[in-house]
Amino acid sequence: MSKQEQKLLLDGSKMIHHLDRVVAWQKKEVIYPIYLAFSPTSLCNHACTFCVYHYKKFEPIFFPMESYRRLIEEWSKLGIRSMFFAGDGEPLLHKNIVEMIELAKERNIDVAMNTNARLLTLDRAKVFADKLTWIRISLNAGTRDTYAKVHQTNPKDFDIVLKNIENLVNIKKSQNSDITIGIQCVLLNENAREIEELAKKLRDIGVDYLAVKPFIKHPLTSWEMNLDNKETIIEELIQLKELSTSSFKFALRENNFKDSSIRSYGKCLSTEFMIEVDARGDIYSCGPYIGDSKHRFGNILNHPFEVVWNSEECRERISYIRHKVDVSKCMPFCRPDAVNEFLWDLENPPQHVNFI
């Protein structure tokens, strides 16, 4: 196993590396988030059948650059350590996406991105290879026809996306970049028999990993799917781990296929460490609650982040989430899941903690 495979953590928390913030939180001090998921736009150029955001409209709303430039300076000073460009739209549709990433990196904020890669041009790829810590590309088929059916787009887009990924891999090599290039695939009835083919294509191209995860329904979306022959499919996918090499990892998110109703924690404690900012400038506790006023902390387009974060409204929302939200009813395997497990263990230590 390569050093990269040993260090590639797709499931779990890295909170142990942010103990300064954790200790301040334990002392009940006001802390600022470590991680910020950011939506440059709420528009998308694909209409994936399984998309978690089908409960809302994909609108041509773009985060204004004037506000972004002001906020990125503030976020850096307040200790935001990472930004994940993703959210409820396709980041590459924002005309200033390259400048946004460059500004964040210049302010010593770690930057990553989720994208469908359809608009990943060579010029953008050169910047991303230099500035992004990692990029995760949503690719949910192994053939052109299935891609068109699942992504609700033209079959030729499949070839374009694969070429864009190949270009990024080549640029990574030529620039001696450390960017991790990952592909994520949601396991569906349409693509279940194409995962091996997709994995081999991506391994040959030279990406770092392919992660396969289950479809998880948002409670407000109408589209549903139950995987046919689930146990057999999972067993077959487990065997595909043999495709992994020293430079490529096939990662089946096995834990995510288990009983989704079981959580090891009783409360959502992660809110002060990780937040979502949508294209309207609204702050939310996490992605599945974008649009829910009970999880909205305020708007930062016309106000400093620090003012909004320390406002009575924001403090009330954080308290509501911590004390009133029933986590058993939240979407399973949410992004804060592993962070909540870590914080819950701190708040509820086992017996005999000194016997290490």
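Let's start with Val 23, which sits in helix H2, the stretch covering residues 19–26. Keep in mind that this is a predicted model. From Val 23 we move on to two other residues, Asn 116 and Ser 138, which touch each other.

**Val 23 and the surface patch**
- Val 23 counts as partly exposed because its relative accessibility is 36%, and the partly exposed class lies between the buried limit of 20% and the exposed limit of 50%.
- Together with Ile 16 and Leu 19, Val 23 makes up a nonpolar patch on the surface.
- The accessible area of these three residues adds up to about 240 Å².

**Asn 116, in a loop**
- You'll find Asn 116 in the loop that links strand S3 (110–115) to helix H5 (122–131).
- Its relative accessible area is just 6%, so Asn 116 is buried.
- Leaving out residues up to four places away in sequence, Asn 116 touches a mix of residues, among them Asn 45, His 46, Glu 90 and Tyr 147.
- Cys 44 is on that contact list too; Asn 116 and Cys 44 are 72 residues apart in sequence, yet their C-alpha atoms are 9.5 Å apart in space.
- Closer to home in the chain, the Asn 116 side chain reaches the backbone nitrogen of Arg 118 at 3.0 Å.

**Ser 138, in a strand**
- Ser 138 belongs to strand S4, residues 134–138.
- With a relative accessible area of 17%, Ser 138 falls under the 20% cut-off, so this residue is buried as well.
- The side chains of Ser 138 and Asn 140 are joined by a polar contact of 3.0 Å.
- Apart from residues up to four places away in sequence, Ser 138 touches Thr 115, Asn 116, His 151 and Gln 184.

Note on methods: Residues numbered from 1 in each chain as written. Predicted model: local features only at pLDDT ≥ 70, side-chain atom pairs only at ≥ 80, totals over all residues. Heavy atoms only, no water. Patch = residues over 30% accessible without salt bridge, like charges linked within 9 Å, V, L, I, M, F, W, Y side chains within 5 Å. Areas by Shrake-Rupley, 256 points an atom, 1.4 Å probe, with all protein chains shown as cover. Salt bridge = Lys/Arg side-chain N within 4 Å of Asp/Glu carboxyl O. Helix = DSSP H or I, 4+ residues; strand = E, 2+ residues; numbered from the N terminus. Buried < 20%, exposed > 50% of the residue type's maximum accessible area, 1.4 Å probe, protein only. Contact = heavy atoms within 4.5 Å. Polar contact = N/O pair within 3.5 Å; in protein donor to acceptor, adjacent residues only side chain to side chain.
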